[in-house]
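Q: Please take a close look at one part of this structure, and then set that part in its wider surroundings. I am new to this molecule and would welcome a connected account.

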Amino acid sequence: MKKLVIISLGYNTAHTIYEQLCNILYSSVDIKYYYSSSPPPTNLEVDLILYSSEYAFERINFRPANVPYIIARRSINYHEIGKLFKLPKYSDVLLVNDSKDSAEETILLLQALGIDHINYYPYYPGIDNYPKLKIAITPGETEHVPGFVNHIIDIKTRLVDITSIIEILTHFDILDKFANILSAKYIQDIIKLIKTGNKLLKDSSKMKERFKTVINNVHDGLIAINKENKISVFNPIAEKIFAQKATKLIGQDSENFLDDTFFQTVNNPRKEGILKLPSHELLISEIPLYAKNSDNGKLFVLKDVSEIHRLEESVRRRLYEEQNIARYNFADIIGNSPALKKILSLAKKMAKTDATIFIQGESGTGKELLAQSIHNASSRRKGPFVAINFAALSETLLESELFGYEEGAFTGAKRGGSAGLFEIAHKGTLFLDEIGDAPLPFQVKLLRVLQEKQVRRVGGLKVIPIDVRIIVATNHNLKEDIKLKLFREDLYYRLNVLPLKIPALRERREDIMPLCYAFYKKYRPLSNDAKIYFKNIQPYLEAYNWQGNIRELQNVIEYLTSICPDDIPQSSDLPEDIKVQLFTDKSNIINLKEAIFLEIKRCNQNHEPVGRRSLANKFMLSENKIRDILLSLKIENKIMISPGKYGLKAIDLK
């Protein structure tokens, strides 16, 4: 599950934002929050950081390398501002917050909402000069209110604005999933505001003016029609959309202004639809208004579709740019086996050059992790790291993705064209993953670009020079592909300058358990008993072939921590693939012998008794079968067999 961390100066703000986001995201994102007196651990794993303010970003030193972040835009909690309307005009009040910037920003927000009949004086911890007033307004920071204040008006902590919430949803690629929920909550808030406003209208004409200001600052167009079918609300956004003045429409019959097309747009079970106007499109939502269970009219919320697209495009572009970074370093690669150490030593030397690196390895061995580590150890580490997977795109898409395209180059080409990945990776590294899946015709074009170090966009004439470092990776045997005419020999030798071959996990079995411990920590971050957790299944994990390599191992650990969250797993808890290979498949007797040898070795090291019966129970085999395997191990001079419960000894104890 993706992880979001909220960083704030104070507990109240952090907790309020946490509850707000939990209410929207439910269990789709793992959310945690920290504040200045309870800072996050330095080794915290996180996919996105949300800072509550610029001040929190500057004051709290939590900057994990290559982790994207958002500085929240926040708005006044509209549900609480009715309290302020009751204050007499020109009342002098302290505006109390946890910092100077936050206090001044809250004052500006309140004044922007039209709540400017009050004289605000900022107050925050550490301020030297301030008036000793009897009334204090605070957005949830009551603990900072000075003792001489008699009357505290808590308007509750400011909430994260809808635009920042859209950024969060877009980052985790769940905007489509939660768009309706977010919209519904947003509209519910508007309805509550209107209901609050109706009550305030009865109480005071001055409050009516304040309420109008709140409605006028809502981002969307609002049209409210009362139960007499007359227009009662027509805010400035609606005025702009329809080029009409509210003063001419308020109190008029809605049918004199809104035609049948408008009402037919929302005449469906979902009560929403798209209305096409000459200049733009509107997403219209109809919400019934009730007062004491009786019909009190309707509210129409108008969203400019082009603005929605613009905002989403802006957010996606920013997130796309943030993705062009390498997140991993050599320190993130786990293992101490000689085979891995040799590869890492070579890779660190190669990182110091600009020559093309050719990484070969089975699927799941961590080729991209190694490529990112090389980039971060190179002189290009401050430049972009751009990755593309040839197995995921067709030849046509590959060309436009890598080389870019000009406006009008093909149907659907966006206005102004688009830069290709070679251009985006300029002064950085371009990682070409699964190069063995590149289509033959495209290989010719790729070879030309690599030789000439310049690209020409699809549909364009201009030649664009590029300066990129190329790292390629494949799980193919490209020499065999060359024989089968599936890969160009000249391209192979252009790419195979600095070769690196990542060993399969079964070729570095010493690294299996350290990887297990690391993945266990990922899925059980609060637990410190990784070695105890694996004590009964370690021999099986070390003996298994791991055809899917590290990716398969990670899946198995996630599986085990899911089905055995509170218990130590036994051999019977292992996935079927492992049990079939180790205990059933006769062709894997070598693996079974290795597993039994490792179990004897483990028992010897821990001074535990081990014999035929305990091995038969553990490996679910007959004692006769265990006896045959023990004799085979003895013949291979790997164990000694003596009488007694400590009679089995592994010869190569280290």
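A: Glu434 is buried, with a relative accessible area of 12%; buried means under 20% relative accessible area, exposed over 50%, and partly exposed in between, with a 1.4 Å probe and protein chains only. This is a predicted model, in which local features need pLDDT of at least 70 and side-chain atom pairs count only at pLDDT 80 or more, while totals for chains, interfaces and linings use all residues. Residues are numbered from 1 along each chain as its sequence is written, and side-chain values use heavy atoms, with hydrogens and water left out.

Glu434 lies in the loop between strand 20 (429-433) and helix 16 (440-452); helices (H or I, at least four residues) and strands (E, at least two) are DSSP runs numbered from the N terminus. Its phi is positive, about 55°, although Glu434 is not a glycine. Most residues other than glycine have a negative phi.

Lys156 also has a positive phi, near 70°, without being a glycine. This residue sits in the loop between strand 9 (151-154) and strand 10 (159-160), where it is partly exposed at a relative accessible area of 38%. Lys156 is one of the residues in contact (heavy atoms within 4.5 Å) with Thr138, neighbours within four places in sequence being left aside; the others are Val96, Val145, Ile152, Ile153, Asp154 and Ile155. Thr138 belongs to strand 8 (residues 135-138) and is buried, with a relative accessible area of 0%.

A positive phi of about 55° is also found at Asp173, just after helix 5. In helix 5, 10 of the 10 residues are buried, so this helix is largely enclosed by the rest of the structure. Among these buried residues are Glu167 and His171. Helix 5 (residues 162-171) packs against helix 1 (residues 11-25) at an angle of about 55°, with the axes 12 Å apart. Axes are lines fitted to C-alpha atoms, for helices over the stretch in contact, and angles run from 0 to 180 degrees between N-to-C directions. The two helices are therefore oblique to each other, the class left after roughly parallel (under 35 degrees), roughly antiparallel (over 145) and roughly perpendicular (65 to 115). Helix 1 contributes Gln20, Leu21, Ile24 and Leu25 to the contact, and helix 5 contributes Ile165, Ile168 and Leu169.

Elsewhere, Asn66 occupies the loop between helix 2 (54-59) and strand 4 (69-71). Asn66 counts as partly exposed at 24% relative accessibility. Its C-alpha atom is 8.3 Å from that of Tyr328, 262 residues apart along the chain. With neighbours within four places in sequence left aside, Asn66 is in contact with Ile325, Ala326, Arg327 and Asn376.

The largest nonpolar core has 44 residues, and those with the most contacts inside it include Phe534, Leu541 and Trp546. Such a core is a set of buried Ala, Val, Leu, Ile, Met, Phe, Trp, Tyr and Cys residues joined through side-chain atoms within 4.5 Å. Its largest share, seven residues, comes from helix 24 (residues 589-605). A second, separate core of 31 residues includes Leu402, Phe422, Leu446 and Tyr492.

For the whole chain, the secondary structure comes to 26 helices and 26 strands. Of its 654 residues, 48% count as buried.
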